[in-house]
Amino acid sequence: MRIVIAPDKFKGSLSAPDVARHLAAGLQSATGHNLEVLRIPVADGGEGTLDAAVGSGFSCRSATVSGPTGQPLRADFAVRGREAVIEMAAASGLAVLPGGTLDAKGATSLGTGELIRAALDAGCRQIILGVGGSANTDGGAGVLQGLGAQLLDADGNELPPGGAALARLDRIDFSGFDSRLDETRFVLASDVDNPLLGAEGAPAIFGPQKGATADDVGTLDAALQHFVDVLAAEIGPRALKAAEAPGAGAAGGVGYAAIAVLAATRRPGIDVVLEFTGLADRLAGADLVITGEGSLDEQSLLGKTPMGVARAAEQAGVPAVAVCGRTTLTPEQQKDSGFRQVYPLTALEAKVEICIAEAGPLLEQLGKHIGAELADLTQAPAPAGPTTPVNSARTKEPLNV
């Protein structure tokens, strides 16, 4: 029997590779060695995207870059031939803030631009930019600086980092912009469809989770509006149009810089990840697919990782089950999701804090349980297929963008 394990991370507990490893151990302990298990970590374009790339044959590289407050840090990215996967959170994320101290007005995306340049140095000319967990609200100005642009005030001095400083922006000097970008294609992996500015923009919707007060939100929104106006004076009206584009507000406005300046194409994160992992082809001949994430809930139904895997499994004619830390889905929602069964850790341990702390051993127990039920799971009539996701994340998981 051939089993494909394709989970996302259990946030705050285990990475996707660790989830897959523990499940595989449980399965094989229950069924012996007459079982082929293929582990394919996946993600939805945010945190965990790098793990998915490395688990699919990309090689891991690293570079020293500027962190979200300017302090140097070592950040990884992934390379396969001329293709690179960059996980923004590794360089500019909330998780790498020194001491975890939020800095809504001063945090920068500079390190992400520096990671892109490292990928260019590695010979990559197709770059997937996975955004999520960002600490900044700078409209992607830091990314442009990392790629060689200079953001200057009226006296010709380089602006300090962060979104608030953009209020003093006078002009942008692109003379030092990396010329290799002209031959590079970018994909922005993000489900966020927010514009850059206004009531649904990056500062208003996501700024508070990065430490922005109500006054800070107004300051950042005005500063980003000024940034758009100055950029439009440099590159033309496409800078104005890009500010209104779906996804411009992703990652504190990094989506805006990617669309306006790097000509990035925005695609749903799960679609991008499933494509570069080659999941559809690797499902051939499988008897069962196991996917999951930390919390399987109504947000999961809006196109997050488990639903993407379930759709791929349905198209391949392979039954799918889900594992999770907990689930809030009703029996009807579980049925409509297309999963033959959902296995939450809370079925083994009622206390969520213990599920988080002991997720590995509990997943091995679930793996044993699934192994014991393999015959039923692979032969039972298929439930209804996954519902088509509503690809809107304006107020979904603001910490992830």
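## Helix packing and an internal cavity

In this predicted model, Ile 270, Asp 271 and Leu 274 of helix H10 are in contact with Thr 305, Gly 308, Val 309 and Arg 311 of helix H12. Sorted by class, the residues in this contact are three nonpolar, two polar and two charged.

Helix H10 covers residues 269-277 and helix H12 covers residues 305-316. The two pack at an angle of about 50°, and their axes lie 9 Å apart. H10 and H12 are therefore oblique to each other. Their crossing is right-handed.

The second feature is a cavity. The count comes to one cavity of 30 Å³ or more. The volume of the largest cavity is about 50 Å³. Its lining includes Thr 108, Asp 138, Ala 141, Gly 142 and Gln 145. Leu 151, Leu 159, Pro 160, Pro 161 and Gly 162 also line the largest cavity, as do Ala 165 and Leu 166. Helix H5, residues 141-146, gives the largest share of this lining, with three residues.

The table sets out the classes of residue in the H10–H12 contact and in the cavity lining.

| Site | Nonpolar | Polar | Charged |
|---|---|---|---|
| Contact of H10 with H12 | three residues | two residues | two residues |
| Lining of the largest cavity | seven residues | four residues | one residue |

Definitions and conventions:
Residues numbered from 1 in each chain as written. Predicted model: local features only at pLDDT ≥ 70, side-chain atom pairs only at ≥ 80, totals over all residues. Heavy atoms only, no water. Axes fitted to C-alpha atoms, helices over the stretch in contact; angles between N-to-C directions. Helix = DSSP H or I, 4+ residues; strand = E, 2+ residues; numbered from the N terminus. Parallel < 35°, antiparallel > 145°, perpendicular 65-115°, else oblique. Left-handed = near helix turned anticlockwise from the far one by under 90°. Contact = heavy atoms within 4.5 Å. Nonpolar A, V, L, I, M, F, W, Y, C, P; charged D, E, K, R; others polar. 1 Å grid on protein atoms, 1.4 Å probe; cavity = no way out; pocket = protein on both sides within 12 Å on 5 of 7 lines; lining within 4 Å. Points joined across faces, edges and corners; volume = space filled by probe spheres on them.
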